[in-house]
Amino acid sequence: MPEKTTWEKFFDAHAPIYEDNVFTKNTVREVDFLLDELHLPSGGSVLDVGCGTGRHAIELAKRGYAVTGLDLSSEMLSRAADAAKAENVHVEWIRANATQFTFPELYDAAVCLCEGAFGLLGESDDPIDQPLSILCNVSRSLKPQAKAVFTVLNAAAILRKYQNEDVAEGRFDPLTMVESSEHPPQEGVPAVAVRERAFVPTELILLFRLAGMSVLNMWGGTAGNWGRRSLDLDEIEIMIVACKSAEQLAPGAAAKPRASAIRHAAQARVPGRGRKGP
């Protein structure tokens, strides 16, 4: 792989304390929900994109499913492998950037949860190309009519959080829905500058459609509060349930010029931005 991205640096350093995060404490209930929604065949295959330390992947494997966990952080994957060994289950762990993977096999389902990859932008990532590339890769990896569950940052909450001063000082770009901030991966470690992308439901429907997937439902997706319920404006994440339904409208390299054209058109319509865009 090329030089580490900012998110790879962050998660490599964060891996030792990742399981201390409060949002990691509901794994069994979350997997119960996923299985109720995905309707997997017995022993079916699941792709976990942005699997982190493998908490969902390992729980799925414990229940008899064939799981592949993909993540860009070698430290996260190392801890995932140790945890799987301790639970005496097999998971195929793959280190890769979620925007750049291709697998020969097709899966019965896919998940991408708790900001595992979708919308976590590197320094040079385009805010449309990055999520669309991930969706195209996931869609290409699914069997026809297979389902996928994503949870992504809720733009409604982000918009209610920031003020014009934040835009002027570069903390938030309302055109791209990108937050720019610095966070230490753990206590005593220097902060890492990161970029995170939030989404509105209408654009999610379009992005999934471009990738060859149909959105079936969108619900509140904040960790610890999953359910078939309406989205709360102030909650952190949206849950998307989709199925592979068609050929991709924006496969491979074709996605990039289309996404970039949309972004540049938006910039042209709105002058005087608070900071230079990515």
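Colleague: Shall we begin with the cysteines? How many disulfides does the structure hold?

Modeller: It holds zero disulfides, a disulfide being a pair of cysteine sulfur atoms within 2.5 Å. Before going on, a word on the source: this is a predicted model, where local features need pLDDT of at least 70 and side-chain atom pairs count only at pLDDT 80 or more, while totals for chains, interfaces and linings use all residues. Residues are numbered from 1 along each chain as its sequence is written, and side-chain values use heavy atoms, with hydrogens and water left out.

Colleague: Thanks. Where is the nearest cysteine sulfur to that of Cys114?

Modeller: It belongs to Cys112 and is 9.6 Å away, and Cys114 is in no disulfide. Cys114 is buried, at 14% relative accessible area, and Cys51 is buried at 7%. Here buried means under 20% relative accessible area, exposed means over 50%, and partly exposed lies in between (1.4 Å probe, protein chains only).

Colleague: What does the protein chain look like as a whole?

Modeller: It has nine helices and eleven strands; these are DSSP runs numbered from the N terminus, with helices (H or I) of at least four residues and strands (E) of at least two. Of its 278 residues, 54% are buried. Among contacts with a separation of 6 or more, 70% join residues 24 or more positions apart, a contact being heavy atoms within 4.5 Å. The chain exposes about 12,700 Å², with 53% supplied by carbon and sulfur atoms; areas come from the Shrake-Rupley method with a 1.4 Å probe, and for residues only the protein chains shown count as cover.

Colleague: Now the interior. Which members of the largest nonpolar core touch the most other members?

Modeller: The general idea is that nonpolar side chains tend to be buried together in soluble globular proteins. I call a nonpolar core a set of buried Ala, Val, Leu, Ile, Met, Phe, Trp, Tyr and Cys residues joined through side-chain atoms within 4.5 Å. In this structure the largest one has 35 residues, and Val49, Phe118 and Phe150 touch the most other members. At least two residues each come from strands E1 (45-49), E4 (107-112), E6 (142-153) and E11 (237-244), and from helices H5 (129-140) and H8 (201-210). Another core, of 26 residues, lies apart from it and includes Leu40, Ala84, Ala109 and Cys114.

Colleague: What does Val49 touch?

Modeller: Leaving out residues up to four places away in sequence, Val49 touches Leu70, Ala98, Phe101, Val111, Cys112, Leu113, Ala117 and Val138.

Colleague: Val138 takes me to H5. How many residues of H5 are buried?

Modeller: Ten of the twelve are buried, so H5 is largely enclosed by the rest of the structure. Among them are Asp129, Gln130, Leu132, Asn137 and Val138.

Colleague: And how should I read H4?

Modeller: An α-helix has 3.6 residues a turn, so residues three or four places apart point the same way. The buried residues of H4 are Met76, Leu77, Ala80 and Ala84. They are on the same side of H4, because they cover an arc of only 95 degrees around the axis, taken from the directions from the axis to the C-beta atoms. On the other side, Asp82, Lys85 and Ala86 are exposed. The buried residues pack against helices H1 (6-14) and H3 (55-62) and strands E2 (66-71) and E3 (92-95).

Colleague: Which residue with a positive phi follows H4?

Modeller: Most residues other than glycine have a negative phi. Asn88 follows H4 with a positive phi near 60 degrees. Asn88 lies in the loop between H4 and E3 and is exposed, at 71% relative accessibility. Met177, also not a glycine, has a positive phi of about 60 degrees. Met177 sits in the loop between strands E7 (172-173) and E8 (178-183) and is buried, at 11%.

Colleague: One last loop: where is Gly44 found, and is it buried or exposed?

Modeller: Gly44 is in the loop between helix H2 (27-38) and E1, and it is buried, at 3% relative accessible area. Its C-alpha is 5.3 Å from that of Tyr65, 21 residues away along the chain. Not counting residues up to four places away in sequence, Gly44 touches Tyr65, Ala66 and Asp108.
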